[in-house]
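Dear colleague,

I am passing on a structure that I have been reading, and I would be glad if you looked through it alongside the notes below.

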2 protein chains.
Amino acid sequence: MAARVDEVARRVDQLSRGLREAGLRLTHQRLEIVRVIAADETHPDVETVYRAVRERVPTISLDTVYRTLATLAERGLILRVLFTPGPARYDANPARHHHFVCTHCGLIRDVENADLDAIRPTAEVARIGRCDAISVQFRGVCAPCQSREATTA
Amino acid sequence: MAARVDEVARRVDQLSRGLREAGLRLTHQRLEIVRVIAADETHPDVETVYRAVRERVPTISLDTVYRTLATLAERGLILRVLFTPGPARYDANPARHHHFVCTHCGLIRDVENADLDAIRPTAEVARIGRCDAISVQFRGVCAPCQSREATTA
DNA sequence: ATGGGTGCAAATAATTTGCATACAA
DNA sequence: TTGTATGCAAATTATTTGCACCCAT
């Protein structure tokens, strides 16, 4: 468990530093938002982050959360993912990785795999333009949803 | 060019048949929407399809386009893609394929590649759940946008 | 003929923006 | 102190829904 705690601390650090280095202010609100997003592995949407942050900063407004997450995403400090209909969700995992998306419940899980990381732009892609990031998306139904389906059906 | 025309005709056919086989009606409006989406390779959004269809069916309403595209996507006849912020876009290419997304102009181009098609769910993915589709996303800047950048800068 | 599909309008969801105030640097 | 960030509210964008009428099967 300590590893996870350390990892979260490292992310908080990295995001805070990223803001500072961009000449932006590390406000009370931003620090708490960073803490939430760094600790949440479920790829939360803005509303979810908002609710979590409000427990520590009850007066924070929803649009501050919108703006802060947008700011972090613009600097490439976090990733805005649009895998499912509905609100955009954010990923604070800075390492190169891929995703599993459950089309039933909306679960998004990071997938780490060296072979996938080794994928290079194809000749066709090189012709289209410059490639800055490559990621693989696995769509399907997560195990819990499969059990639920079986029971209902 | 004939090949392209044939391909579009085949897609129109396939989508029309798909609707029929699902027990749905092939209305005048639906047929025209299908014709537009089958011929458009730019992954258009609802608004774009609406404008194109209106040239042939001036009285069509925007929400009929919303509903028809949603219906086609539900049956898996077309693909709803959410790569960029803003409106959802649709892909009528039924073959397994991947995407290049330009982060500047929003261009989405299909990428075909047998090696990428050969990717299998990793052990980690198999543990998470059942995988129905795998696709690779290349993000970057398309050649035209690169030139534009160079000129402006 | 009849039930699904359409058009219209209103509702909802997601996100962005303008502006006065507050606070980090 | 000096602007940048915040909170509030209103505006915008994207999408969905309710309902009466129409038409493909």
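**Helix packing, domains and symmetry**

Helix 2 of chain A passes helix 4 of chain A in a right-handed crossing, where right-handed means that the near helix is turned clockwise from the far one by less than a right angle, and left-handed that it is turned anticlockwise. Please keep in mind that this is a predicted model, in which local features need pLDDT of at least 70 and side-chain atom pairs count only at pLDDT 80 or more, while totals for chains, interfaces and linings use all residues. Residues are numbered from 1 along each chain as its sequence is written, chains are lettered from A and ligands numbered from 1 in the order in which they are written, and side-chain values use heavy atoms, leaving out hydrogens and water.

Two packed helices are described by the angle between their axes and the distance between the axes. For helix 2 (residues 28-39) and helix 4 (residues 62-74) of chain A, the axes come within 10 Å and cross at roughly 70°; the axes are lines fitted to C-alpha atoms, for helices over the stretch in contact, and the angles run from 0 to 180 degrees between N-to-C directions. Helix 2 of chain A is therefore roughly perpendicular to helix 4 of chain A, given that 65 to 115 degrees counts as roughly perpendicular, under 35 as roughly parallel, over 145 as roughly antiparallel and the rest as oblique. On the helix 2 side of chain A, the residues that meet helix 4 include A:Ile33 and A:Ile37, and those they meet in helix 4 include A:Leu69 and A:Leu72, with contact meaning heavy atoms within 4.5 Å.

Chain A has seven helices and five strands in its secondary structure, which are DSSP runs numbered from the N terminus (helices H or I, at least four residues; strands E, at least two). The domain assignment of chain A gives domain 1 (5-83) and domain 2 (95-152), with bounds that come from an automatic or database assignment. The centres of these two domains of chain A, taken over C-alpha atoms, are separated by 23 Å.

How is chain A superposed on chain B? A rotation of 180° with 0.0 Å of shift along its axis does so, with an RMSD of 0.0 Å, the fit being by least squares on the C-alpha atoms of residues with pLDDT of at least 70 in both copies. The two copies are thus related as by a two-fold rotation axis. In chain A, the C-alpha nearest that axis belongs to A:Val136, 2.2 Å from it.

With best wishes
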